[in-house]
Amino acid sequence: MALGEGHQRFIQTMMVRGIVNEQEAKTLHRHCCELHKEHFAADKLEEFIQVINSKLESMNMRIRTRASEDNGMPYYALVNTANTELTRMSSDYADNELELFLRTLDLIMTSHSSVASSTDILNSADSLQTRKLTKSAAECLLKRLVSEDWLVENQGDYSLSTRCVMDMEPYIRTMYDDDQVKVCSVCHCLAFKCQICVNPLCTVKIHYPCAEKYFKKKPVKKCPGCSELWPYNVRECRQSVSQRHR
């Protein structure tokens, strides 16, 4: 099936925005179809995107969907399937800025809590191999990475955004070993914000939103891997103001 003008406008918008939530994707779908007087069906968003992906495949691009680790809300992102998003970032960021981003990623990956403090990140800016960044320049870079949906900031701690997790997954799986790469046992996606089974011999980890759904109707909360009692409160996940940039 050939791409219509509505499909093309959807792609162009995604190239600019990078990532949208489910409601934004539905609104964009309607807008693109109605603007170009093409058939619109509210329940056909996935089919609409499948047509786009069939054409993007030859260009090593794809629109992927994944639930946010923070609130379980589905998001849609345009990603590069041939290389990691470092390819695109290298044209938007200077070498030392990209190096600091990768050092931030490393701090997050090696942290038990999957966050990096602003202090540790700023200290890393002093020892870059490319070219040092001043504290003020590093702070500006962090603000930009948050505004462009690569990082999420919460009271001075930085974590990976939904967009970053989706785009950087190939890089993360290649560069880090199995002990550092956490995977949710329910949805099988990368897990940074998650609950971990208390059994030291068990490897089960579950996203907070996935845990809420998984244990919702179970009379007794038990680990799906080892049947150990699951001691955590299954909290209702709400999106905080600091996470509105995904």
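Is W230 buried or exposed? In this predicted model, W230 is buried, at a relative accessible area of 3%. That residue is a handy way into the aromatic side of the structure, so to speak, before a look at two helices.

**Rings and charges**

The model holds four aromatic pairs. One of them joins W230 to Y232 in an edge-to-face arrangement, with 5.6 Å centre to centre and 70° between the planes. The partners sit in unlike settings: W230 has a relative accessible area of 3%, while Y232 comes out at 28% and counts as partly exposed. Buried here means under 20% relative accessible area, and exposed means over 50%, so a value of 28% falls in between. Ring pairs also tie W230 and Y232 into a cluster with Y214 and F215.

Y214 has a charged neighbour too: the charged end of K218 sits over its ring. Another such arrangement involves R144, whose charged end sits over the ring of Y93. Here are the two:

| Charged residue | Ring | Distance to ring centre |
|---|---|---|
| R144 | Y93 | 3.9 Å |
| K218 | Y214 | 4.7 Å |

**Helix α1**

Now to the N-terminal end of the numbering. Helix α1 takes in residues 5–17, 13 residues in total. From first C-alpha to last it reaches 18 Å, close to the 18 Å expected at 1.5 Å a residue. Its buried residues are G6, H7, F10, I11 and M14. These cover an arc of only 140° around the axis, which puts them on the same side of α1. The general rule behind such a pattern is simple: an α-helix has 3.6 residues a turn, so residues three or four places apart point the same way.

What lies over that buried side? The cover for the buried residues of α1 includes the helices α2 (22–35) and α3 (45–56), along with the strands β1 (19–21), β2 (61–67) and β3 (74–80). Just after α1 comes G18, which takes a positive phi of about 80°.

**Helix α5**

Helix α5 spans residues 95–109 and includes N96. N96 is buried, with 3% relative accessibility. Leaving aside residues up to four places away in sequence, N96 touches L128, T130, R131, K132 and L133.

L102 lies in α5 as well, but with 23% relative accessibility it counts as partly exposed. How far apart are the C-alpha atoms of L102 and P200? They are separated by 30 Å, and the two residues are 98 residues apart along the chain.

Terms used
Residues are numbered from 1 along each chain as its sequence is written. This is a predicted model: local features need pLDDT of at least 70, side-chain atom pairs count only at pLDDT 80 or more; totals for chains, interfaces and linings use all residues. Side-chain values use heavy atoms; hydrogens and water are left out. Helices (H or I, at least four residues) and strands (E, at least two) are DSSP runs, numbered from the N terminus. The expected span of a helix is 1.5 Å times one less than its number of residues. Buried means under 20% relative accessible area, exposed over 50%, partly exposed in between (1.4 Å probe, protein chains only). The arc is that of the directions from the helix axis to the C-beta atoms. Contact means heavy atoms within 4.5 Å. Rings of Phe, Tyr and Trp (its six-membered ring) pair if their centres lie within 6.5 Å; planes under 30 degrees apart count as stacked, over 60 as edge-to-face and the rest as tilted. A charge sits over a ring if NZ of Lys or CZ of Arg is within 6 Å of the ring centre and within 35 degrees of the ring normal.
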